[in-house]
Amino acid sequence: MKKILLLPLLLVSCFCFSQDAKEIIGKPIKIGNLQIAQYDFPNDMNWYDARKACAALGNGWRLPTRNDLNILYINRVAVGNFVNYIYWSNETDGLGAWFHSFYVGYPNDALNKNYKCFVRAVRSL
């Protein structure tokens with residue numbers, strides 16, 4: 001009986017995740033050799049969860065580098081759908097992870113990886 005109930009649950013979980021991925025990626029925006037998801041993830045998250053969430057989108061989606069975040073900030077009007085707050089980078093200094101403030105407008109030092117920031121997925125073309 002348990003095996004019979006498990007299969008539909010797995011199928012529903014996969015379907016829900018693929019729907020979430022489509023909603024986050026939306027219609028990706030291309031800037032140079034970078035493809036940017038149309039939307040942020042709906043919730044801010046710590047760095048560990050942010051990396052997992054981007055990777056779970058599949059097909060090379062990832063957290064942006066510090067340079068990628070600078071490109072996103074410079075092109076924030078063209079890209080759209082940003083909140084004016086801080087976004088995670090995939091780069092670390094060992095103890096913390098770098099982030100970019102879309103409120104202040106420039107990259108900042110590393111932040112504790114357990115702090116919650118916003119997340120926008122990117123991938124290289």
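In this predicted model, strand β4, which covers residues 96-101, pairs in the antiparallel sense with strand β5, which covers residues 107-112, and the pairing runs over five bridges. Beyond this pair of strands, the points below take up a nonpolar patch on the surface that includes Tyr115, and then Val79, a residue of helix α4.

**The β4-β5 hairpin**

- Strands β4 and β5 form a hairpin in which five residues lie between the two strands, and within that turn Gly105 has a positive phi of about 100°.
- Across the pairing, Phe99 stands opposite Asn108, the latter being a residue of β5.

**The surface patch around Tyr115**

- Val83, Tyr85 and Tyr115 form a nonpolar patch on the surface, and together these residues have about 260 Å² of accessible area.
- Tyr115 itself lies in the loop that runs between β5 and β6, the latter strand covering residues 122-124.
- Tyr115 has a relative accessible area of 38%, and it is classed as partly exposed because this value falls between the limits of 20% and 50%.

**Val79 and its surroundings**

- Val79 lies in helix α4, which spans residues 76-79, and it counts as buried because its relative accessible area of 5% is under 20%.
- When its neighbours within four places in sequence are left aside, Val79 is in contact with Ile29, Ile31, Ile36 and Arg120.
- Of these contacts, Ile31 is 48 residues away from Val79 in sequence, while the two residues are 8.7 Å apart in space, C-alpha to C-alpha.

Notes:
Residues are numbered from 1 along each chain as its sequence is written. This is a predicted model: local features need pLDDT of at least 70, side-chain atom pairs count only at pLDDT 80 or more; totals for chains, interfaces and linings use all residues. Side-chain values use heavy atoms; hydrogens and water are left out. Two strands pair if DSSP finds at least two bridges between them. Helices (H or I, at least four residues) and strands (E, at least two) are DSSP runs, numbered from the N terminus. Patches are made of residues with over 30% relative accessible area and no salt bridge: like charges are joined within 9 Å, nonpolar side chains (Val, Leu, Ile, Met, Phe, Trp, Tyr) within 5 Å. Accessible areas come from the Shrake-Rupley method with a 1.4 Å probe; for residues, only the protein chains shown count as cover. A salt bridge is a side-chain nitrogen of Lys or Arg within 4 Å of a carboxyl oxygen of Asp or Glu. Buried means under 20% relative accessible area, exposed over 50%, partly exposed in between (1.4 Å probe, protein chains only). Contact means heavy atoms within 4.5 Å.
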